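Subject: Structure handover

Hi,

Here is the structure I promised to pass on. Please open it first, then read my notes below with it on screen.

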Amino acid sequence: MAVSILKHCGKYGVEVMKKNILSECSLYILTMKTTSNQRHPLLIPPSFNVHQVMRNYSKHVKHSHAERRYDSDSESDSDLEWIGHRGESDFWRRKIRTFHGIIDLNKDGVISFDDFKLLSDRFINLGHLQSDQVQKFQEVLRSLWEKQFGEISPYNLVSVERYLENMHHVLNDKRLVRKAHSFLPYLFKAVDKDRSGEITVEEFKLFFKVLGLKEHDAVLAFRAIDSNVDGKISHKEFVKHGRDFFLTEDPDRISKYFWGPLVEH
């Protein structure tokens with residue numbers, strides 16, 4: 001009976017966990033009409049709520065589709081084409097050196113977890129993130145540090161060369177590269193004052209200000225990224241161009257302006 005339930009529930013869109021059915025099936029029988037006008041018995045426990053299962057299944061499907069869309073938006077097939085051979089160009093190295101200088105918020109020449117903490121504190125202190133977003137943002141940064149650089153210690157310092165080596169490794173690992181910049185959505189939400197899902201040039205200036213970058217450079221970067229010239233950057237655009245900065249080696253991509261001017265060498 002349990003096998004019959006799994007077969008027909010799966011066929012007609014009611015996704016029920018096998019272990020739950022095997023442990024709870026008893027007492028009641030429900031018939032389900034198939035497309036061939038036959039009825040098949042389904043053993044159902046008294047507490048089994050079919051409508052709730054269908055709602056949960058619907059949520060699961062939507063979540064799975066959303067994850068696939070995020071992966072698709074984050075990296076196209078062309079971005080993954082050269083896995084194992086990316087991060088060799090001088091242009092890409094310039095971009096990574098640029099970001100190392102930006103994320104070195106205390107300007108001591110190296111990146112430490114203190115810089116990551118300072119990053120989170122500055123954006124959280126703007127007061128636009130909700131409490132659950134604050135916690136998740138901090139967890140994301142902590143996880144990123146541990147996965148990329150190891151232990152959280154005042155002696156674990158990341159030089160420019162070490163950062164280049166690490167990012168080269170991340171860039172060529174399909175698993176790591178999809179998660180390496182998962183902090184970007186929180187930066188967007190932190191400067192999206194009215195929580196509209198879009199940021200204006202004034203909010204982008206705030207983004208640069210928090211990072212210690214120049215307002216003039218923020219305006220130029222915003223104009224470059226705002227490719228449809230509507231005076232706004234959506235959450236999707238922000239994350240896409242922010243990730244593209246790290247992923248691509250094409251000097252014609254507008255994402256090169258995302259964090260402001262690149263260092264010379």
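Start in helix α13, which covers residues 235-247. Lys 240 and Asp 244 sit four residues apart there, so about one helical turn separates them. Their side chains form a salt bridge, with the closest N and O atoms 3.2 Å apart. The two partners differ in exposure. Lys 240 is partly exposed, at 36% relative accessible area. Asp 244 is buried, at 3%.

Keep in mind that this is a predicted model.

**Other salt bridges**

Side chains of opposite charge can pair when their charged atoms come close. How many salt bridges does a search of the whole structure find? The search finds nine.

One of them joins Glu 161 and Arg 97, at 2.6 Å from N to O. Glu 161 belongs to helix α8 and Arg 97 to helix α5, so this pair ties together parts that lie 64 residues apart in sequence. Is Glu 161 buried or partly exposed? Glu 161 is partly exposed, with a relative accessible area of 43%. Arg 97 is partly exposed too, at 26%. There is also a network here: salt bridges link Arg 93, Arg 97 and Glu 161.

Next, look at Glu 215 and Lys 205. They form a salt bridge with their closest N and O atoms 3.6 Å apart. Glu 215 is in helix α12 (residues 215-225), and Lys 205 is in helix α11 (residues 201-210). The two residues are 10 apart in sequence. Lys 205 is buried, with a relative accessible area of 18%.

**The nonpolar core**

The largest nonpolar core has 54 residues. Which of them touch the most other members? They are Phe 123, Phe 183, Phe 204, Phe 207, Phe 238 and Trp 259. Several helices build this core. α5, α6, α7, α8, α10 (184-191), α11, α12 and α13 each supply at least two residues. α7 gives the most, with seven.

Zoom in on Phe 183. Leaving out residues up to four places away in sequence, Phe 183 touches Phe 99, Phe 137, Val 140, Leu 141, Leu 144 and Trp 259.

**The cavities**

Rolling a probe the size of a water molecule over the atoms shows where empty space is left. In this model, there are two cavities of 30 Å³ or more. The largest holds about 120 Å³ of space.

What lines the largest cavity? The lining has 14 residues. Nearest the centre are Phe 99, Phe 116, Gln 148, Tyr 163 and Phe 183. So Phe 183 turns up again, as a residue of the core and of this lining.

Four helices give two or more residues to the lining: α5 (90-103), α6 (113-124), α7 (131-149) and α8 (160-171). α7 gives the most, with four residues. By class, the lining has 12 nonpolar residues, two polar ones and no charged ones.

**One loop residue**

Last, find Ser 112. Ser 112 is in the loop between α5 and α6. Is Ser 112 buried or exposed? Ser 112 is buried, because its relative accessible area is 5% and the cut-off for buried is under 20%. Setting aside neighbours within four places in sequence, Ser 112 is in contact with Asn 106, Trp 145, Asn 156 and Leu 157.

Over to you.

Best wishes

Notes
Residues are numbered from 1 along each chain as its sequence is written. This is a predicted model: local features need pLDDT of at least 70, side-chain atom pairs count only at pLDDT 80 or more; totals for chains, interfaces and linings use all residues. Side-chain values use heavy atoms; hydrogens and water are left out. On a 1 Å grid over the protein atoms alone, a cavity is a set of points where a 1.4 Å probe fits but cannot get out, and a pocket is an open set with protein on both sides within 12 Å along at least five of seven lines; lining residues have an atom within 4 Å of a point. Grid points are joined across faces, edges and corners, and a volume is the space filled by probe spheres set on the points. Ala, Val, Leu, Ile, Met, Phe, Trp, Tyr, Cys and Pro count as nonpolar, Asp, Glu, Lys and Arg as charged, and the others, Gly among them, as polar. A salt bridge is a side-chain nitrogen of Lys or Arg within 4 Å of a carboxyl oxygen of Asp or Glu. Buried means under 20% relative accessible area, exposed over 50%, partly exposed in between (1.4 Å probe, protein chains only). Contact means heavy atoms within 4.5 Å. A nonpolar core is a set of buried Ala, Val, Leu, Ile, Met, Phe, Trp, Tyr and Cys residues joined through side-chain atoms within 4.5 Å.
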